[in-house]
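I am opening the notebook on this chain to look up a few things, taking the cysteines before the strands and the confidence values.

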Amino acid sequence: MNPTELRRLRTQSVLKQLIPEALASLEDELLRGLCVTDVECKRGRYDAFVYLDKNAFDEREQEFVLEKLGRVARYLQNFCAEAEGWYRCPAFHFKFDDRLEYQNKMDDLFDKIEEELRKNG
């Protein structure tokens, strides 16, 4: 693993810890309760995709939360930069995490295939 990759992974790890702390410092009860499932840095650590747990929200509420997060993104970036002593923090792009949902669908498909193989073979 090269040094650039190590820095990117370290940044992801640090942001995964700091973003929930920054959210907890907000006055908005809705944003304080958000659960960060993962952080993925892209483009040389200029952009960070922050994945949130979507289980507690329907589609309309997700849009509302993303809109609110867009308004406080700069505060969250400043919080993280200050906490780590960084000159600049990656730009945050918030998304609701549907990877768990996708993984569950894949597991169901594999279970069905296995069941069919047992029946037929």
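How many disulfides does the count come to? I am working from a predicted model, and in it the count comes to zero disulfides.

I looked up Cys41 to see what stands behind this: its sulfur has its closest cysteine sulfur in Cys89, at 8.4 Å, which is too far for a bond, since a disulfide requires the two sulfur atoms to lie within 2.5 Å. I also noted that Cys41 is buried, with a relative accessible area of 3%.

I then turned to Cys89, which is likewise in no disulfide, the nearest cysteine sulfur being that of Cys80, 4.8 Å away. Because buried means under 20% relative accessible area, Cys89 counts as buried at 7%.

Next I followed the strands. I found that strand 2, residues 47–53, pairs with strand 3, residues 91–97, in the parallel sense, and that seven bridges join them. Between these strands the chain passes through helix 3, residues 59–84, and I recorded the resulting β-α-β crossover as right-handed. For a single bridge I looked up Val50, whose partner in strand 3 is Phe94.

Last, I checked confidence. The pLDDT averages 88 over the chain, and 99% of the residues score at least 70. Among the elements, I noted the highest mean pLDDT, 93, for helix 3 and the lowest, 81, for helix 4, residues 99–120. I add a general caution to myself that predicted coordinates should not be read in detail where pLDDT is low.

Definitions and conventions. Residues are numbered from 1 along each chain as its sequence is written. This is a predicted model: local features need pLDDT of at least 70, side-chain atom pairs count only at pLDDT 80 or more; totals for chains, interfaces and linings use all residues. Side-chain values use heavy atoms; hydrogens and water are left out. Two strands pair if DSSP finds at least two bridges between them. Helices (H or I, at least four residues) and strands (E, at least two) are DSSP runs, numbered from the N terminus. A crossover is right-handed if, with the strands pointing away from the viewer, the path from the first strand over the helix to the second runs clockwise. pLDDT is the predictor's confidence in each residue, from 0 to 100. Buried means under 20% relative accessible area, exposed over 50%, partly exposed in between (1.4 Å probe, protein chains only).
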